[in-house]
Amino acid sequence: MSHHDSIASAVEADVFQIAALHRLLSFTLAECLDGNIYDTSVLEGAVVLTRVINQKFNRVTKAILDGPSTQQD
């Protein structure tokens, strides 16, 4: 497996994780808006999910914008 393939696999995994986390965040916020929260832990979880999604999104965009490495193994 080349260096480019391993980066592409990592980026692909991050994209799938972003999609899953986004769905979880969407569900969490929908529950909040429906009034199905009984304490602030759900909102705290939404904040944590937002931060994780942002970190993963930044990592993916950096990998895409940097492109393949110019160095050879």
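Which side chain meets arginine 59 in a salt bridge? It is that of aspartate 14, with an N to O distance of 3.8 Å. Aspartate 14 lies in helix α1 and arginine 59 in helix α2, so this pair ties together parts that are 45 residues apart in sequence.

This is a predicted model: local features need pLDDT of at least 70, side-chain atom pairs count only at pLDDT 80 or more, and totals for chains, interfaces and linings use all residues. Residues are numbered from 1 along each chain as its sequence is written, and side-chain values use heavy atoms, with hydrogens and water left out.

**View A. The whole chain has 2 helices and 0 strands.**
Both element types are DSSP runs, numbered from the N terminus: helices are H or I with at least four residues, strands are E with at least two. The chain has 73 residues, and 16% of them count as buried. Buried means under 20% relative accessible area, exposed means over 50%, and partly exposed is in between (1.4 Å probe, protein chains only). The chain exposes about 5700 Å². Carbon and sulfur atoms supply 61% of that area. Areas come from the Shrake-Rupley method with a 1.4 Å probe; for residues, only the protein chains shown count as cover. Take the contacts with a separation of 6 or more: 73% of them join residues 24 or more positions apart. A contact here means heavy atoms within 4.5 Å.

**View B. Asp14, Lys56 and Arg59 are linked in a network of salt bridges.**
A salt bridge puts a side-chain nitrogen of Lys or Arg within 4 Å of a carboxyl oxygen of Asp or Glu. The whole structure holds 3 of them. Lysine 56 pairs with aspartate 14, with 3.4 Å between the closest N and O atoms. This pair links distant parts of the chain, 42 residues apart: aspartate 14 in helix α1 (residues 3–33) and lysine 56 in helix α2 (residues 41–66). Are the partners buried or exposed? Aspartate 14 is buried, at 8% relative accessibility. Lysine 56 is also buried, with a relative accessible area of 13%. Arginine 59 counts as partly exposed, at 48%.

**View C. Aspartate 66 and lysine 62 form a salt bridge within helix α2.**
Their closest N and O atoms are 2.6 Å apart. The two residues are 4 places apart, about one turn of the helix. An α-helix has 3.6 residues a turn, so residues three or four places apart point the same way. Lysine 62 is exposed, with a relative accessible area of 53%. Aspartate 66 is partly exposed, at 48%. Just after α2, glycine 67 takes a positive phi of about 70 degrees.

**View D. The largest nonpolar core draws on α1 and α2.**
A nonpolar core is a set of buried Ala, Val, Leu, Ile, Met, Phe, Trp, Tyr and Cys residues joined through side-chain atoms within 4.5 Å. This one has 8 residues: Val11, Ile18, Leu21, Leu25, Ala46, Leu49, Ile53 and Val60. Which elements give two or more residues to it? They are α1 and α2. In α2, the buried residues include Ala46, Leu49, Ile53, Lys56 and Val60. Helix α2 has 26 residues and should span 38 Å at 1.5 Å a residue; its end C-alpha atoms are 37 Å apart, which agrees. The expected span is 1.5 Å times one less than the number of residues.

**View E. Threonine 28 is a buried residue of helix α1.**
Its relative accessibility is 12%. A polar atom of the threonine 28 side chain lies 2.8 Å from the backbone oxygen of leucine 24. Leaving aside neighbours within four places in sequence, threonine 28 is in contact with Val42, Ala46 and Leu49. By the same count, alanine 46 touches Leu25, Thr28 and Leu29, with residues up to four places away set aside.

**View F. Valine 60 of helix α2 is buried.**
Relative accessibility at valine 60 is 6%. Apart from neighbours within four places in sequence, valine 60 is in contact with Val11, Asp14, Val15 and Ile18. Valine 60 and alanine 13 are 47 residues apart in sequence. Their C-alpha atoms are 9.6 Å apart in space.

Technical notes. A polar contact is a pair of N or O atoms within 3.5 Å; within protein, one must be able to donate a hydrogen and the other to accept it, and residues adjacent in sequence count only if both atoms are side-chain atoms.
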